[in-house]
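Me: Please take a close look at the surroundings of the ligand in this model, and then at the enclosed spaces in the protein. I would like one connected account.

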Amino acid sequence: MDIDLADLEFWRRPLKERHEAFARLRELDRPVFFTEKRVPLLRSGKGFYALVRHADVVEASRNPKVFSSEPAASSPEPPGWVKHVFGESMVNMDDPRHARLRRIVSRAFSPKMLSNLQGDIDRACARIVDDVVAAGPGGDFVTQVAARLPIHVICDMMGVPDELRERVHRHVDVSTAYTGVRPSLGRTVQMAASNMLALLALQRMVIDLGRQRAKEPRGDLVSALVTANVDGEKLTDRELGSFFALLLVAGNETARNTMAHGIKLLTDNPEQRRLLCEDFEGRIGGAIEEMVRYVSPIMQFRRTVTEDYDLRGLHLKPGDKVVLFYGSANRDETVFPDPDRFDITRDAKGHVGFGGPGPHFCLGANLARQEIRTMFRELFTRLPGIQTVGEPELLLSNFDNSVRSQKFTF
Ligand code: HEM
């Protein structure tokens, strides 16, 4: 099989074939260089090194001084004006700028914040299942279940008032319809333009909210982010806008896709589902880690090399681009025996589905676990016969392992 990770055709292939291709790349004795094809209007630059083994992904993640997240952790790199319009996201920053922002926004994910959210997550899941029951069997799991919870939770965290939520939903629908790679130039431009307008509108909305909360703080997170913490640090308008935009991208599709792939995995593997249902509270934690390992909702992020560095015999030079293929590292047979087997009892703890060990490790990992646990608890308690029907429709992307639709019944 001819393997070119930079080619759109590669990402059109069925998931199973892509995993086979990565397995072959892992057998080679060093990272491989690929030529990145130029995507019109997006400055994609020269080629990149693909890190496909677990050990290499971990080494690069642990070493942010050499493997920098600046100027961007996405691939291909967006043009410079995008930063000017939207502000910078912490995912594309190194310390000390990254550390400062992470200190401020971490309070959004403290154990106390997360525990305060639990009652609301319970209620949201109950409402979603009420609506599923009312609609009857034969619907789409993505729109009726998986897509509803994460966005609701993010709006709750940020204290987005009810009357603005409809707008958030509309904007997010547009922005998440554009992802990774697109088939034609016309379509790419059209999708990118609507995506950007949607993001700008969302940022404006949350900045207005921030200004109100700065004047009259309430108990919500936006109030906490725009008023100074004990070290006197707070977010500027622009930083608040970028953070909200990042949450909508980072915390929405990821959790949704884990649930959508997860219900399919539990349908296709009835013995795993039986194990889970026999002892839900005891096994759901391991099941979620295995889902994230197996699915790898974010397939890759990239870094740029800052100084000469030898990685397993490969000499890297300043300016070289390196792509960390989390999806491949999570199937590395030297770390996860029989990696293509979905096994909720395996020790999946070392997976890099939430990123490798390092400063950019997913800030929302515990929140995601909490959402997925609550949703599956509600589904399996009230709809014990729930199962998927047929195969999912996947979105074409080299970044999100995204499910567009998945039929289900109960
Ligand atoms: C199963 C669900 C999720 C997966 C698989 C996931 C995956 C990831 C990954 C791989 C990164 C690392 C980025 C890098 O390497 O540069 C990351 C970072 C991040 N994630 Fe998640 N994520 C999930 C859920 C969430 C949720 C629910 C939120 C928030 C609501 C969130 C917020 C973030 C933020 C803010 C960062 C940036 C951290 C930084 O740069 O310091 N994620 N996530």
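Reply: What follows describes the ligand site and then the cavities of this model, which is a predicted one.

The shell around the ligand holds 27 residues, and those that come nearest are H98, R102, Y326, H360 and C362. Sorted by class, this shell consists of 17 nonpolar, eight polar and two charged residues.

The iron atom of the ligand has C362 as its only protein donor, through the SG atom at 2.3 Å. As for its place in the fold, C362 sits in the loop between α16 (326-329) and α17.

Oxygen atoms of the ligand also have polar partners in the protein, and two of these partners are side chains: a polar side-chain atom of R102 is found 2.7 Å from a ligand oxygen, and for H360 a polar side-chain atom likewise lies 2.7 Å from an oxygen atom of the ligand. With P359 the partner is a polar backbone atom, to which the distance from a ligand oxygen is 3.5 Å. Two or more residues of the shell are given by each of the elements α5 (97-105), α12 (237-250), α13 (253-268), β5 (300-305) and α17 (365-382).

Turning to the enclosed spaces, which were computed over the protein atoms alone, the count comes to two cavities of 30 Å³ or more. The largest cavity, with a volume of about 90 Å³, is lined by W11, L15, R18, H19, F22, V295, S296, M299, F325, G327, S328 and N401. Two elements, α2 (15-27) and α16, give two or more residues to this lining, and it is α2 that supplies the largest share, namely four residues. By class, the lining of the largest cavity divides into six nonpolar residues, five polar ones and one charged.

The second largest cavity has a volume of about 30 Å³, and its lining is made up of R18, M299, L394, L395, S397, D400, N401 and S402. Here the classes are three nonpolar, three polar and two charged residues. R18, M299 and N401 appear in the lining of the largest cavity and also in that of the second largest cavity.

To return to the ligand, the picture of its site combines the iron atom, with C362 as the only protein donor, and the ligand oxygen atoms, whose polar partners include side-chain atoms of R102 and H360 and a backbone atom of P359.

Definitions and conventions
Residues numbered from 1 in each chain as written. Predicted model: local features only at pLDDT ≥ 70, side-chain atom pairs only at ≥ 80, totals over all residues. Heavy atoms only, no water. Near = heavy atom within 4 Å. Polar contact = N/O pair within 3.5 Å; in protein donor to acceptor, adjacent residues only side chain to side chain. Nonpolar A, V, L, I, M, F, W, Y, C, P; charged D, E, K, R; others polar. Donors = N, O, S within 2.8 Å, 3.2 Å for Na, K, Ca; no water. 1 Å grid on protein atoms, 1.4 Å probe; cavity = no way out; pocket = protein on both sides within 12 Å on 5 of 7 lines; lining within 4 Å. Points joined across faces, edges and corners; volume = space filled by probe spheres on them.
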